[in-house]
Amino acid sequence: MIHSDTIVALSSGTLPSGVAVVRVSGPAARNVLEKLAGAVPPERRASLRRFRDRSDRTIDRGIAVFFPGPGSVTGEDLAEFHLHGGRAVVAAFLEAASAVESVRLAVAGEFTRRAFENGRIDLTEAEGLADLLAASTEAQRRMAVAQAGGALRAIYEDWMRDLMAARAMIEAAFDFSDEGDVDDDVAAGVDRQIARVADAMRSHLAKADRGEILREGFKVAIVGAPNAGKSSLLNALADREVAIVTEIPGTTRDVIEATLDLGGIPVRLSDTAGIRDTADRIEAMGIERARAVIDEADLILALVDPLAGPSALERLTGLLTHVKHPMMLAGQDQPGDETAASPLLPAAPVLTIRTKLDQAGRSGSPPAVDEDSGEPHYDLAISTQTGEGIAELVERIAAIAAAAVGDPDDVVPARTRHRELIGDALRLLELFLNEPETPAEVRAETLRRAGHRLGALTGQVGVEDLLEVIFSEFCIGK
């Protein structure tokens, strides 16, 4: 795609900095080099230059590099200027560059969008680059690097080639069936080929939750009755005062979050309002928000104050009746188990935690079930005051999060858009396989529609309405 205008922006991040990199992309890039740096330097060679404004005043001395299109990152003529990273220096340079005819300041994501429009990257690679820029943990970085390097594109284009080949075989069967060199059974192996692609799609989709966890974070909901120690635990895990802690029940009215990096995995902790029956309208709103967090959680920490009596955990579980799905205990892998089928607890794994160990005058491992009271065994016992049990809790959370994510280097669908389009394509392939008696023309059209869905993944077809949304995720200058 040929753009008539040229864009300029700071590409190196927040100022001040040791070095600032300004990029110029478009047909006037050479002209900017000539006017500000005196001449166009040799292609792809760093050259020391004095940068001047239109009044011939020196802005700075630095490095200029020229990358001719289409062999540049954007597919256009591209100039890079390496300056000292002072705010005044960069402001003066941007003003001088944008004063050149047909040059304007870039908007967010415009450099990457031009790279996509000029065929330098596909849409999955652009999304991977956005995730790489946003990555805050090692696992996020590894997933984003693979996607930005074309790992997803390779998978999706393989599927598209298989569908195209199968469609060609079907069309050959009915387009040239009256010619002697075309066998009536030319499409005999198509079903097996499509079945293989469908199996690959199912396997890929099964990993979608892992990609979502890596992008959005492993969600941990801290729940319990008022004054069970939820806010104290959040502060202890975050190692800072995130939530207000008082002895007044119902202090927390909204969801308070903190994010930890555990083994390279982003873990989002949510402190929720104390769950109890209440006539306070504002507190009730907080409890409803707590239930929503519970329903979306990947792990639930159910906190119980030992001083609240032996039935405290039972009362807590009874108040969780409005969540949508049944519970699975942490480490449990039998969905048919009676506990997993309970309507009282959520779908995510649950760690039951006995709090205020220092006040209870206990130490060591969690207590066993009391034979008289029938009080359940707790997974952990902790004290946020002494720190007892906190390290073990962090290890348990990290292990459960790591198991949920799996191998960060595995190629997984990272976005809802990927999941929906692959799901659409898979449903079409299942329709193709389940109705073998359908006329060949209709079967070929079904494969064409499936291929169209896959083409939308890489940006080959039907994504114009998404481009503004996707590239707005980038910072200006990228």
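**View 1. Ile63 sits across from His82 in a pair of strands.** In strand β5, the bridge partner of Ile63 is His82. Strands β4 and β5 (residues 78-85) run antiparallel to each other and share 5 bridges. Helices and strands here are DSSP runs (H or I over at least four residues for helices, E over at least two for strands), numbered from the N terminus. This is a predicted model, in which local features need a pLDDT of at least 70, side-chain atom pairs count only at pLDDT 80 or more, and totals for chains, interfaces and linings use all residues. Residues are numbered from 1 along each chain as its sequence is written, and side-chain values use heavy atoms, with hydrogens and water left out.

**View 2. Zooming out a little, β4 and β5 belong to an open sheet of 6 strands.** The strand order is β3-β4-β5-β2-β1-β6, with mixed pairing; two strands pair if DSSP finds at least two bridges between them. At the edges are β3 (47-52) and β6 (103-105), each pairing on one side only. On average, and with direction ignored, neighbouring strands in this sheet are turned by 30° against each other.

**View 3. Helix α1 packs on that sheet.** Helix α1 (residues 29-37) touches β1 (6-10), β2 (17-25), β3, β4, β5 and β6, and its direction makes about 75° with that of β3. Angles run from 0 to 180 degrees between N-to-C directions, using lines fitted to C-alpha atoms, for helices over the stretch in contact. Contact means heavy atoms within 4.5 Å. Within α1, the residues Ala29, Val32, Leu33, Leu36 and Ala37 are buried. Buried means under 20% relative accessible area, exposed means over 50%, and partly exposed is in between (1.4 Å probe, protein chains only). Seen down the helix axis, the buried residues of α1 fall within an arc of 100°, so they line one face of the helix; that arc is taken from the directions from the helix axis to the C-beta atoms. Just after α1 comes Gly38, with a positive phi of about 90°.

**View 4. Two cis peptide bonds turn up in loops around the sheet strands.** One joins Leu15 and Pro16, with omega about -5°, and Pro16 is in the loop between β1 and β2. Another joins Gly69 and Pro70, with omega about 5°; Pro70 lies in the loop between β4 and β5. Most residues other than glycine have a negative phi, and most peptide bonds are trans.

**View 5. Asp56 and Ser102 have positive phi values.** Phi of Asp56 is near 65°, and this residue is found in the loop between β3 and β4. Asp56 is exposed, with a relative accessible area of 51%. For Ser102, phi is near 70°; its place is the loop between α2 (87-98) and β6. Ser102 counts as partly exposed, at 39% relative accessibility.

**View 6. Helix α3 is largely enclosed by the rest of the structure.** In α3 (residues 110-117), 7 of the 8 residues are buried, including Phe111, Arg113, Arg114 and Phe116. Gly119 follows α3 and has a positive phi, near 80°.

**View 7. Leu233 is one of the best-connected residues in the largest nonpolar core.** This core has 33 residues, and those with the most contacts inside it are Phe218, Leu233, Leu301, Leu393 and Ile397. A nonpolar core is a set of buried Ala, Val, Leu, Ile, Met, Phe, Trp, Tyr and Cys residues joined through side-chain atoms within 4.5 Å. Helix α13 (residues 390-405) gives the most to this core, with 6 residues. Leaving aside neighbours within four places in sequence, Leu233 is in contact with Ile222, Leu301, Leu303, Ile382, Thr384, Ile390 and Leu393. Apart from this core lies another, of 26 residues, among them Leu15, Leu36, Ile59 and Phe81.

**View 8. Ala444 is tucked into helix α15 (residues 440-458).** Ala444 is buried, with a relative accessible area of 3%. The C-alpha atoms of Ala444 and Met169 are separated by 9.1 Å, although these residues are 275 residues apart along the chain.

**View 9. Confidence varies along the chain.** The mean pLDDT (the predictor's confidence in each residue, from 0 to 100) is 81, and 76% of the residues reach 70 or more. Strand β4 (residues 58-67) has the highest mean, 97, while strand β11 (residues 328-329) has the lowest, 43. Over residues 321-345 the pLDDT is below 50, and this stretch has 51 contacts in the model beyond near neighbours in sequence. Where pLDDT is low, the predicted coordinates should not be read in detail.
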